[in-house]
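Colleague: Could you take a close look at one part of this assembly for me, chain A and the way it packs against its partners? I'd like the whole story in one go, if you can manage it.

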Amino acid sequence: MNISTNIGVWIGAIAALGIYSVLIKDNPFYRLVEHIFVGASAGIAIVTGVQTFKSQAWSPLTSGQWALIFPMLLGVLLYARYVPQYSYLNRLPLSLMMGAGAGVAMRGAVESQIVGQLTATMVKLTTLDAWIIFLGTLLSLSYFFLTYRLEGGAAWAPRLGRYFMMAAFGAAFGNTVMGRVSAAIGRFQFIFLEWLGL
Amino acid sequence: MFLRKTLPTLIAGVCGVVVVVAYFFAIPSVQTLANHILKWQSVIAVFALGLGGVNIIRLHTKNLQRDPKNFYSLALLVTFVITIVVGLTMGQTSAAYTFIFDYINVPTGSAIFSLLAFYIGTAAYRAFRAKNAEAAILLITGCIVMMGRVPIGAKILPFTAPATDWIMSVLNVGGQRGVMIAGAIGFIAVSLRIIVGLERRAYGGE
Amino acid sequence: MSIFTQGRVFDLVTLVVVTGLMGLYMYLARSGMRVKIRPIAGFAAIDEAIGRAAEMGKPVHFTPGFGGLVAATFAGLEVLGYVARLTAQYDVRLIVTVSQAETFAVTEQVMRQAYLEAGKPEAFKPEDCRFISTDQWAYASGVIGVLNREKVASNIMIGQFAAEALILAEAGNTVGAIQIAGTTNAYQIPFFVVACDYVILGEEMFAAGAHFTNNVVHLGSLRAEDLVKAACIAIMAIGAVLTTAGADFLTTIMGK
Amino acid sequence: MNILEKLQNIDKRVFYLLMALAIAVPTISPLGLGVDVTPAVQRAYDFVSSLPNGGRAVIGFDYEPGDEIDLNPQAKAIIHQLGSKNIKVVAIASFPAGAMFAEQCLAILEEYGYEYGKDYVNLGHYAGGEATLAAFASNPTAVFAKDWRGYDTTSLPIMQEIKSMSDFTMAMTLNDGPTGGTGTHEWVRQAVMAHNVPLIMGVTGVLAASNETYVQSGQCKGILAGLRAAAEYEKLVDKLGEGTVGMDAQSMAHLLIVIFVVLGNAAMFLSKRAKGGAA
């Protein structure tokens, strides 16, 4: 045994033990680690934000890109929510963010997710595997009919679709275990080898 | 009325349309405008971070007022403030700031992530019960893939290795695609409703 | 040189047809076409979850996830509006946790507005809409803390989630909360399926407005979504048959 | 509560404890269980074995932090084999972090009585990808005037023997893909096609399939893919290390979960049958 003398290693190891202690139950040790972690990471987020603001907005503004004054004013309006009689003004910046977000979501949805998936399904149906993929896609899509109720002979389609989805979910679950265990192995090696020096 | 309702709807609509049009049409002026809008959005997002900071400080100072011995809220506020002060005065490359990042943020984050190795097992134990057809399918594909991914699994149940390859490249595909295509149609619908102003509520409108 | 961006022409046609159809059906619905939505168990369970919290005198926890202002987050916020109105009515405490700053800015506003609409603006406490941290794991650790210490009776998670999904869901299960979750991320749905009591699968979550308020325009847009799905099924079937027969012009057109 | 009901509701903490043991025990002392050597790994091992003792190898450490979990164990296992065959080793890296990983892995050679500068050298990081690798192939000391430790390369005995890529008896790249660093394809061109030096590859799990073509075409003499290949190689060189630990822990963890699932289901069915019988 050759315990580490590096203060950073000690902090990391103690933090990891604090986090793992929540597996037994919530306790003061976990609570303390959680609060310090949240405080540090939220602080990091603010520092990063200020840097982004300086490089993306403030410097370009002072070097002549005057238009950037508008988003800054809009940004300030977010704080109007704290002043009851003007609080409605904070809808202006929110509506810009929502509108732009909606635009980005819309264009991304068509490109990679609809057309791409459709063409990927249109393959030669000459093998059983190709049929399984093809039918699996059609049936699971049929589950998502929300305003039409498939009745009679077609009623089994959404149910089979759900079966295909469950198979996919099971597969994704099983396939993820390895990556998660790897993360724990990394932490355990850190604790046993780097910290305790076993 | 104009400032409360019409203008926000107009802003959301114009921003959404411009961003979409710029993507499909090679019109330089529209593309420049769209880039501006996206940049503006990121500038406003920085101000939103300030709201978050105010929220953190308000919540934890209240906790402290209620109970001055609330050691946890104090610890959170102290690390929060120290991190910001160090980051802004000494810079992001300073030894103190990298210490916080490398020795507090990164290892604690990895530890939280690795909790998944434990949670994934208890979740499987509880949910992988063959109570009905759906649960049975979930259970069977899940367990085959779990075994097929490790050498010991292939030793105990040799069929699991080839079965895993087949599940991942064939059986899995249809269900994934169905979810993705339907999801994308939903994305378009919700985005459209925001752009045309039907979901004003989503940004606090009436 | 064309004004159309190469490789996106078919995408554009798709978008125009889809949004056009949605616009048409929203109009038709408003002019009196009747559309009925099929039951969605996860949404129906929300009333039960809030009722349970009211009986137990314990809070409800809601999170719109780890995402910024993306489509799944919009759906989460739509549900939040309903949840917040209901908790305000029943005097149940609602605690909301948020990860991304821009999402937080909107979330707080949605919550405030919902309390106002329920006629109890004074019941809204800003400390109960909590910005945790933009860091994925710090957010997860903070939510574990809230679930444990606030002794929540019900845990509702609808929005954009990544690897932290299972951490939140298992923590909620451990404290014995009734859990309702929904996301469009096909890689995270499995973890909600195994760990939660009710799961709103993928696209179902975009139907919240229609489910809760029977908003006719929203119902119209759902009908259009269904027609688009039917068209997708038809296109895939025709395309596959053509490709099998050796004709690939459909895939060529779709690649334009 | 009878035993069948208990087995359906085992306390989560029991599982957590067993899971912690399943990961901790192999971490502290590798078990070396259940790894069968696959033909691909055997081929790589056989190829290195067939090289004459006392040759010269060049190893490219072409990976970044995050992928060292797969690639460090592969590198170490192969370096053990090179050490036992007295093959001299020259390390180069197309990522800055690669040079650090090289330093960690090459330390193994000291066990085999190697001397730095004479029997092995870590030349450090080079920028510029394939173009720089090509320049290295025609004149190594021109590209690396100093090594990673700061010595003049022209003064190092090992570099006196190496005037071009052709002086190596084998080349190896430990690779996490073509983005940012030198990819496997570039190594095939510069080592195999330009100088006819036999090449082996160690890659991350996801890159296995796309690099299989080089094995098919004979341009690559063997390929190691992911942590699993490292575990197999450790078994072949009889030095159980990080790869074995990793695969042991993975095997134990996966098995534990499956056992719990099976227990839960078995107990559920048995108790249903018992109830059915009683009624």
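Modeller: Here is a walk through chain A, from its own domains out to its two neighbours, with a short stop in chain D at the end. Keep in mind that this is a predicted model.

Let's start inside the chain. The domain assignment splits chain A into domain 1, residues 1-64, and domain 2, residues 123-198. Their C-alpha centres sit 34 Å apart, and the contact involves 11 residues from domain 1 of chain A and 9 residues from domain 2 of chain A. Together the two domains bury about 940 Å², with carbon and sulfur atoms giving 75% of that area. No salt bridge links them, the count being 0, but 3 residue pairs are in polar contact across the interface of the two domains. On the domain 1 side, the residues that touch domain 2 break down into 8 nonpolar and 3 polar, with no charged ones.

Now for chain B. Here 109 residues of chain A meet 105 residues of chain B. The size of an interface is often given as the accessible area lost when the parts come together. For chain A and chain B that comes to about 9800 Å², and carbon and sulfur atoms supply 78% of it. Within chain A, the residues that lose the most area to chain B are A:Arg91, A:Met106 and A:Arg107, yet together they make up 7% of what that side buries.

As for specific pairings between chain A and chain B, the rule finds 1 salt bridge across the interface. B:Glu134 and A:Arg162 meet through their side chains in a salt bridge, at 2.7 Å from N to O. There are also 16 residue pairs in polar contact between chain A and chain B. If you want to see where chain A's side comes from, the elements giving two or more residues to it are α1 (7-20), α2 (28-62), α3 (69-77), α4 (91-121), α5 (128-142) and α6 (156-195) of chain A. By class, the side of chain A that touches chain B has 72 nonpolar, 28 polar and 9 charged residues.

On to chain C. This contact takes 54 residues from chain A and 65 residues from chain C. The buried area between chain A and chain C is about 5200 Å², 71% of it on carbon and sulfur atoms. A:Met122, A:Leu146 and A:Thr147 are the residues of chain A that lose the most area to chain C, and together they account for 15% of what that side buries.

The salt-bridge count between chain A and chain C is 3. In one salt bridge, C:Arg149 pairs with A:Glu34, the closest N and O atoms being 2.8 Å apart. Polar contacts between chain A and chain C add up to 18 residue pairs. On the chain A side, α2, α4, α5 and α6 each supply at least two residues, and α4(A) brings the largest share, 15 residues. That side of chain A divides into 33 nonpolar, 11 polar and 10 charged residues.

Last, the stop in chain D. Its domain assignment gives domain 1 (3-30 + 246-278) and domain 2 (39-240), with their C-alpha centres 42 Å apart. A few loop residues there are worth clicking on. D:Thr169 sits in the loop between α8 (157-160) and β4 (170-175) of chain D, and its relative accessibility of 28% means that it counts as partly exposed. In sequence D:Thr169 and D:Arg56 are 113 residues apart, but in space their C-alpha atoms are 5.3 Å apart. Leaving aside residues up to four places away in sequence, D:Thr169 touches D:Leu51, D:Gly55, D:Arg56, D:Val197 and D:Pro198.

Two asparagines in chain D are also worth a check of their backbone angles. D:Asn86 has a positive phi of about 55° although it is not a glycine; this residue is in the loop between α4 (68-84) and β2 (88-93) of chain D, and D:Asn86 is partly exposed at 48% relative accessibility. D:Asn196 has a positive phi too, near 60°. Its place is the loop between α9 (184-195) and β5 (199-203) of chain D, and with a relative accessible area of 67%, D:Asn196 is exposed.

Methods. Residues are numbered from 1 along each chain as its sequence is written. Chains are lettered from A and ligands numbered from 1 in the order in which they are written. This is a predicted model: local features need pLDDT of at least 70, side-chain atom pairs count only at pLDDT 80 or more; totals for chains, interfaces and linings use all residues. Side-chain values use heavy atoms; hydrogens and water are left out. Helices (H or I, at least four residues) and strands (E, at least two) are DSSP runs, numbered from the N terminus. Buried means under 20% relative accessible area, exposed over 50%, partly exposed in between (1.4 Å probe, protein chains only). Contact means heavy atoms within 4.5 Å. Domain bounds come from an automatic or database domain assignment. Buried area is the accessible area (1.4 Å probe) that two parts lose on being put together, summed over both. A salt bridge is a side-chain nitrogen of Lys or Arg within 4 Å of a carboxyl oxygen of Asp or Glu. A polar contact is a pair of N or O atoms within 3.5 Å; within protein, one must be able to donate a hydrogen and the other to accept it, and residues adjacent in sequence count only if both atoms are side-chain atoms. Ala, Val, Leu, Ile, Met, Phe, Trp, Tyr, Cys and Pro count as nonpolar, Asp, Glu, Lys and Arg as charged, and the others, Gly among them, as polar.
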